Amino acid sequence: MRFEVLILGNSSATPMFERHPTSQVVNYNEQLFLIDCGEGTQMQLSKYGIKSNRIDHIFISHLHGDHYLGLVGLVSSMHLVGRKADLHIYGPAPLQEILELHFKYSETVIRYKIIFHQTNPDQEEVLFESRMLTVRSFPLIHRIPCTGFRFDEGKRAATLIPEKVEALNIPKVYFAAIKKGLDYVDPQGKVFAASELTLPPPASRSYAYCSDTVRHGIYLSSIEGADLLYHESTFLHEMVDRAKETFHTTSMEAAEIAKEANVKKLLLGHYSARYRTLQPLLDEAQLVFPNTELSVEGKWFLV
């Protein structure tokens, strides 16, 4: 089952050096989720071959423009291309008013249903839940209310052992039940335990997204053990005072957070426009947490 993240934008407030404001697509088993929606998001979706109408859930971390100013345009374009499916938007309470005011004064009547879900910047909560995926928000510490998001996969099915299944001529119709742990009974009434026919299920996977935040222990438990962590890393550590003043994080601090939270892999992002070259940010982080990569626009990262 696919579980991966596409970076649409990785810049901070000012788009520079062909880097766009923050936005990402999470693909879980061909169900697409959008995280944040900076300016130009719909153009980036088009550039990288993502049809916007495949997205049914949009998560907005906070109301600084580089994280949501592309939303009105995206929602409007969905309307213009004939969207009919409901669209769920999760974000700070004032975002609903922002959308409603825009459509009021542009005299736009959206032809599909927008279902708004208010996020809570003060405590962790479940926003979305299906049989195989749960999405939670959790508090971050920024200049205005802000949340991160975590995507957790449910328990995965066991893997069939092909040679054993083939040797017993087990019909394919029984495969799903066996993978779920149900024993197989052959036509002669002989029982074959599911545990004999399968390998243990692969470990469930998780993705955590830390939008704008100063380094703080409040969210450590919410990202604990994530397979992949995206964490803002606006500045090099030589500018740590500026990072604290603006409620942002340095690349070294992001690496320290990843290490403390026992995550498996770290993605840096939300780069300041002062950095044309990003290698120094990566070098700084890898000194603390070696399994770190730079988020790169247009690249898919496996969870």
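The following exercises, each with a worked solution, concern a predicted model of one protein chain.

**Exercise 1. Global description**

Task: State the secondary-structure content, extent, burial and contact range of the protein chain.

Solution:
1. Begin with the elements: the protein chain contains 10 helices and 18 strands.
2. Next, take the extent: the C-alpha trace spans about 70 × 50 × 35 Å along its principal axes.
3. For burial, 51% of the 303 residues count as buried. The exposed area of the protein chain is about 14200 Å², of which carbon and sulfur atoms supply 53%.
4. For contact range, consider contacts between residues at least 6 apart in sequence: 65% of these join residues at least 24 apart.
5. Finally, treat the charges: there are 31 positive and 36 negative ones, and their mean positions lie 6 Å apart.

**Exercise 2. The sheet that includes strand 7**

Task: Determine which strands stand at the edges of the sheet 7-8-9-14-15-16-17, and describe the helix that packs on this sheet.

Solution:
1. Write down the order: seven strands form an open sheet, 7-8-9-14-15-16-17, with mixed pairing.
2. Read off the ends: strand 7 (125–129) and strand 17 (292–294) each have a single partner strand, and therefore one side of each has no neighbour in the sheet.
3. Consider the turn between neighbours: ignoring direction, neighbouring strands are turned by 20° against each other on average.
4. Examine the pair at one end: strand 7 and strand 8 (residues 133–139) are antiparallel and share four bridges. Within this pair, Val 126 stands opposite Arg 136 of strand 8.
5. Add the helix: helix 10 (residues 279–288) packs on the sheet, where it touches strand 16 (266–269) and strand 17. The direction of helix 10 makes about 170° with that of strand 17.

**Exercise 3. The sheet that includes strand 18**

Task: Carry out the corresponding analysis for the sheet 6-5-4-3-2-1-18.

Solution:
1. The order 6-5-4-3-2-1-18 describes an open sheet of seven strands with mixed pairing.
2. Its edges are strand 6 (114–118) and strand 18 (300–302); each has a single partner strand, so one side of each is left without a neighbour in the sheet.
3. From one strand to the next, the twist averages 20°.
4. Strand 3 (residues 31–37) pairs with strand 4 (residues 55–59) in the parallel sense over four bridges. Leu 34 stands opposite Ile 58 in strand 4.
5. Helix 2 (residues 71–80) lies across strand 3, strand 4, strand 5 (87–91) and strand 6. Relative to strand 5, helix 2 runs at about 170°.

**Exercise 4. Two residues of one loop**

Task: Classify Thr 213 and Ile 218 as buried, partly exposed or exposed, and list their contacts beyond four places in sequence.

Solution:
1. Locate the residues: Thr 213 and Ile 218 are both found in the loop between strand 14 (206–210) and helix 7 (220–223).
2. Apply the cut-off to Thr 213: its relative accessibility is 0%, and buried means under 20%, so Thr 213 counts as buried.
3. Apply the limits to Ile 218: its value of 39% lies between 20% and 50%, so Ile 218 counts as partly exposed.
4. List the contacts of Thr 213: it touches Leu 140, Ile 141, His 142, Tyr 219, His 231, Glu 232, Phe 247, His 248 and Thr 249.
5. List the contacts of Ile 218: it touches Pro 139 and Ile 141.
6. Inspect one of these pairs: Ile 218 and Pro 139 are 79 residues apart in sequence, with a C-alpha to C-alpha distance of 7.5 Å.

Note on methods: Residues numbered from 1 in each chain as written. Predicted model: local features only at pLDDT ≥ 70, side-chain atom pairs only at ≥ 80, totals over all residues. Heavy atoms only, no water. Helix = DSSP H or I, 4+ residues; strand = E, 2+ residues; numbered from the N terminus. Buried < 20%, exposed > 50% of the residue type's maximum accessible area, 1.4 Å probe, protein only. Contact = heavy atoms within 4.5 Å. Areas by Shrake-Rupley, 256 points an atom, 1.4 Å probe, with all protein chains shown as cover. Lys, Arg positive; Asp, Glu negative; His and termini not counted. Charge placed at Lys NZ, Arg CZ, Asp CG, Glu CD. Pairing = 2+ DSSP bridges. Axes fitted to C-alpha atoms, helices over the stretch in contact; angles between N-to-C directions.
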